[in-house]
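Trainee: Got a minute to walk me through this model?
Mentor: Sure, let's pull it up.

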Amino acid sequence: MQISKGQENQLVASNNGTTKTTAPSKSIIEKKIRNYDYLKRNAQNEQALEIDKLQREAANFNLSSLAIYDQSEKSKYDVVIRSPYSTLYIKYDPLGNIISSAEQYKNLKVPLKLSQKIARKYPGWGFEKSIYSVKYRNGKPLKGKYNIRLRKGEKYKSVQFNVL
């Protein structure tokens with residue numbers, strides 16, 4: 001059995017044939033997961049798996065792998081993470097903590113609740129394109145919005161929804 005980092009601090013105790021599992025305390029989790037606040041704030045929003053994957057990549061990015069990284073300097077580092085449909089602009093402090101991010105995801109699956117809301121508000125219209133933009137600033141509320149282009153026959157309509 002492999003133990004993942006998220007499981008290594010769990011305690012299992014056995015007493016009279018029953019097993020109890022105690023999850024690690026929140027403070028242990030926060031210390032073990034780099035950029036916990038960034039991941040926690042983004043996880044509160046229903047989003048596509050591709051978004052989760054890229055945000056985890058950003059949260060765990062190793063600054064020391066950069067040729068320009070100098071631990072003795074108090075510089076900030078701007079890193080761009082790209083995939084075929086996404087671009088993340090991440091600003092890190094010298095310790096690898098995320099200061100801010102500006103992220104854009106194109107044509108990924110729209111959350112179910114939002115797609116149902118759009119279907120009720122615009123019956124007969126179909127999804128043509130979607131762009132999800134999210135901005136993170138350490139210590140500030142997350143800002144996210146969907147820009148969606150709808151199509152009905154030869155007609156097009158653009159709509160915008162704030163999701164956070």
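Mentor: We'll take the sheet, then the helices, then one loop residue.

Trainee: Ground rules before that?
Mentor: This is a predicted model, where local features need pLDDT of at least 70, side-chain atom pairs count only at pLDDT 80 or more, and totals for chains, interfaces and linings use all residues. Residues are numbered from 1 along each chain as its sequence is written, and side-chain values use heavy atoms, leaving out hydrogens and water.

Trainee: In what order do the strands of the sheet run?
Mentor: The order is β3-β4-β5-β6-β7-β8, 6 strands in an open, antiparallel sheet. Strands (E, at least two residues) and helices (H or I, at least four) are DSSP runs, numbered from the N terminus. Two strands pair if DSSP finds at least two bridges between them.

Trainee: Which strands stand at the edges, and why?
Mentor: β3 (77-83) and β8 (155-162), because each has a single partner strand. One side of each is therefore left without a neighbour in the sheet.

Trainee: How many bridges join β5 to β6?
Mentor: 7, between residues 98-106 and residues 126-137. K106 stands opposite I131 in β6.

Trainee: What packs on the sheet?
Mentor: Helix α2 (residues 36-43) does, touching β4 (86-92), β5 and β6. Contact means heavy atoms within 4.5 Å. The direction of α2 makes about 145 degrees with that of β6. Axes are lines fitted to C-alpha atoms, for helices over the stretch in contact, and angles run from 0 to 180 degrees between N-to-C directions.
Mentor: Helix α4 (residues 112-121) packs on the sheet too, touching β6, β7 (143-152) and β8. Its direction makes about 45 degrees with that of β7.

Trainee: How many residues sit between β7 and β8 in their hairpin?
Mentor: 2. G153 in that turn has a positive phi of about 65 degrees. β7 and β8 pair over 8 bridges, with K152 opposite K155 in β8.

Trainee: Switching to α3. Which of its residues are buried?
Mentor: I51, L54, Q55, A58 and A59, in a helix spanning residues 49-59. Buried means under 20% relative accessible area, exposed over 50%, partly exposed in between (1.4 Å probe, protein chains only).

Trainee: Why are they on the same side of α3?
Mentor: They are, because they cover an arc of only 140 degrees around the axis. That arc is taken from the directions from the helix axis to the C-beta atoms. L49, K53 and R56 are exposed on the other side.

Trainee: What covers the buried ones?
Mentor: The cover includes α2, β3, β4, β5 and β6.

Trainee: Last one. Is L95 buried or exposed?
Mentor: L95 is exposed, at 64% relative accessible area. L95 lies in the loop between β4 and β5.
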